Amino acid sequence: MRDKEIPPHQEQQQEEPAKNSSCFKKTESHGQVMDKVAARIQKKHTAERHGRQPGRKTAALALLHVAGQSAPRAFLWAKRADRLQCCRTAIPSAPLLATRLNKMITIGPIVLSNPFLLAPLAGYTDLPFRLVCREQGAALTVSEMISCHGLLYGQKQTFAMLKTVPEERPWSVQLFGSEPESMGRAAALVSAMPVDILDINMGCPVPKVVKKGSGSALMKAANLQQAEAIIRAVVNNTDRPVTVKFRSGWNDASICAPDFARMCESAGAAAVTIHARTWAQQFGGKADRRVIAAVKQAVSIPVIGNGDILCYADGLAMMKETGCDAVMIGRAALGNPWVFQPSGIPETLAGRLPVILRYLELADQHLDTERLHFRIKNHASRFLSGLPGAAAIRQEIIGSDSLAEIEKVLKKKAMLA
Ligand SMILES: Cc1cc2nc3c(=O)[nH]c(=O)nc-3n(C[C@H](O)[C@H](O)[C@H](O)COP(=O)(O)O)c2cc1C
């Protein structure tokens with residue numbers, strides 16, 4: 001979603017690799033090679049473009065020049081180096097391998113064991129994926145966003161999204177809607193279930209949500225009273241702590257997150273999550289950490305920072321830069337539940353295999369048969385991202401007919417790698 005891949009035909013058009021100029025020794029580990037690549041990209045890039053972040057294409061080109069590597073291999077390494085580089089840039093003086101931060105945070109009476117939380121990602125953060133992230137260190141998971149009307153009309157699919165197991169606790173259920181009365185009734189209904197926190201979505205930018213006055217539409221100046229009424233209605237209809245997730249504002253001309261956070265606090269919210277982008281930005285541009293810092297200054301309840309965190313060290317950097325109490329990681333967790341570990345994603349399929357197999361086991365236990373195959377193939381493919389030969393393994397997974405077959409493919413490839 002973030003990086004545009006270079007289509008294979010373009011890779012072939014790039015300059016020929018310099019022959020016999022490899023600076024990489026066969027005995028070097030992938031990590032050592034990546035370190036060298038990252039250093040070279042940084043050097044090349046700083047000289048050429050005055051320190052702008054190297055893109056994957058620049059990185060691949062640098063590799064072709066310096067290492068005499070084939071284009072696809074260079075591209076894969078460049079992709080990984082790009083990721084490493086982003087983490088290094090986030091905290092230039094810190095070592096890449098961060099140490100675990102054992103800081104507890106409390107949301108109302110709920111105590112979270114550490115400040116790294118999994119963001120809600122509709123269509124992705126189903127129960128098996130959330131459980132895998134919990135096992136890798138995420139202190140809190142959130143349901144996919146749930147329509148208050150879907151709940152009140154008793155829709156089967158909506159209720160399926162409320163499924164949890166004791167090992168997931170504490171967990172949060174996120175509601176969206178535009179009418180205080182319906183949101184209050186939905187809150188009462190959910191509160192009869194095993195749920196620890198109720199979250200209100202006031203940040204979703206998707207047209208079908210915004211058109212109905214929900215999600216980030218509630219940040220428009222004209223809708224602020226409605227937003228406050230919704231929070232009060234939810235707070236008055238539950239005994240669980242209520243949190244609100246919102247954006248920086250509607251657009252650049254109306255950044256209102258600090259005032260919005262104050263309003264949430266006075267309406268009874270126990271914590272707020274700020275995704276530091278405006279509605280107008282959707283998912284483009286960069287999250288502005290200054291807005292997170294301003295929100296932190298504005299309220300005394302816990303503030304959870306969100307937007308563009310790529311790795312554990314980057315999460316630590318956001319807390320340090322902004323003073324926020326915890327961080328929420330979304331897209332970087334897809335295919336990478338290890339993002340909740342200071343050591344990050346393993347570099348080999350064998351290293352990743354136990355977690356991938358665990359995901360498959362949990363998916364088999366918890367997903368209904370309708371969704372099982374699509375979700376498994378989607379997640380399993382993402383777990384392979386950045387590995388040599390990932391495309392071929394993905395093809396085999398997509399062509400598999402059963403869970404057992406997918407497992408067999410993965411185990412075989414891990415042994416061969
Ligand atoms: C596919 C997708 C689905 C999302 N679904 C939700 C959702 O259901 N509720 C919500 O509050 N935010 C949702 N978001 C926003 C994320 O929770 C998060 O705020 C955003 O992606 C920025 O964080 P990141 O850069 O770590 O991904 C979604 C984002 C994506 C990309």
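Why does R134 count as buried? The points below take this up first, then turn to strand 7 and the ligand.

1. R134 is buried because 20 other C-beta atoms lie within 10 Å. The cut-off for a buried residue is 20 or more, so R134 meets it. Note that this is a predicted model.

2. R134 sits in helix 5, which spans residues 127–136. Setting aside neighbours within four places in sequence, R134 is in contact with T141 and E168. L118 is 16 residues from R134 in sequence, and the C-alpha to C-alpha separation is 8.4 Å.

3. Strand 7 covers residues 197–202 and is mostly covered, with 6 of its 6 residues buried. I197, D199 and N201 point one way, while L198, I200 and M202 point the other way. In a regular strand, side chains alternate between the two faces of the sheet.

4. Strand 6 (residues 171–176) runs parallel to strand 7, and 4 bridges join them. Within this pairing, Q174 stands opposite D199 of strand 7. The connection from strand 6 to strand 7 passes through helix 8 (residues 180–190), and this β-α-β crossover is right-handed.

5. Strand 7 is also joined to strand 8 (residues 242–249) by 5 bridges, and these two run parallel. Here L198 has V242 of strand 8 as its bridge partner.

6. The ligand has 22 residues around it, of which A119, A122, M145, G330 and R331 come nearest. By class, this shell holds 10 nonpolar, 8 polar and 4 charged residues.

Terms used: Residues are numbered from 1 along each chain as its sequence is written. This is a predicted model: local features need pLDDT of at least 70, side-chain atom pairs count only at pLDDT 80 or more; totals for chains, interfaces and linings use all residues. A residue is near a molecule or strand if its C-beta atom, placed from the backbone, lies within 6 Å of it. Ala, Val, Leu, Ile, Met, Phe, Trp, Tyr, Cys and Pro count as nonpolar, Asp, Glu, Lys and Arg as charged, and the others, Gly among them, as polar. A residue is buried if 20 or more other C-beta atoms lie within 10 Å of its own, exposed if 12 or fewer, and partly exposed in between; C-beta atoms are placed from the backbone. Helices (H or I, at least four residues) and strands (E, at least two) are DSSP runs, numbered from the N terminus. Two strands pair if DSSP finds at least two bridges between them. A crossover is right-handed if, with the strands pointing away from the viewer, the path from the first strand over the helix to the second runs clockwise. Two residues are in contact if their C-beta atoms, placed from the backbone, lie within 7 Å.
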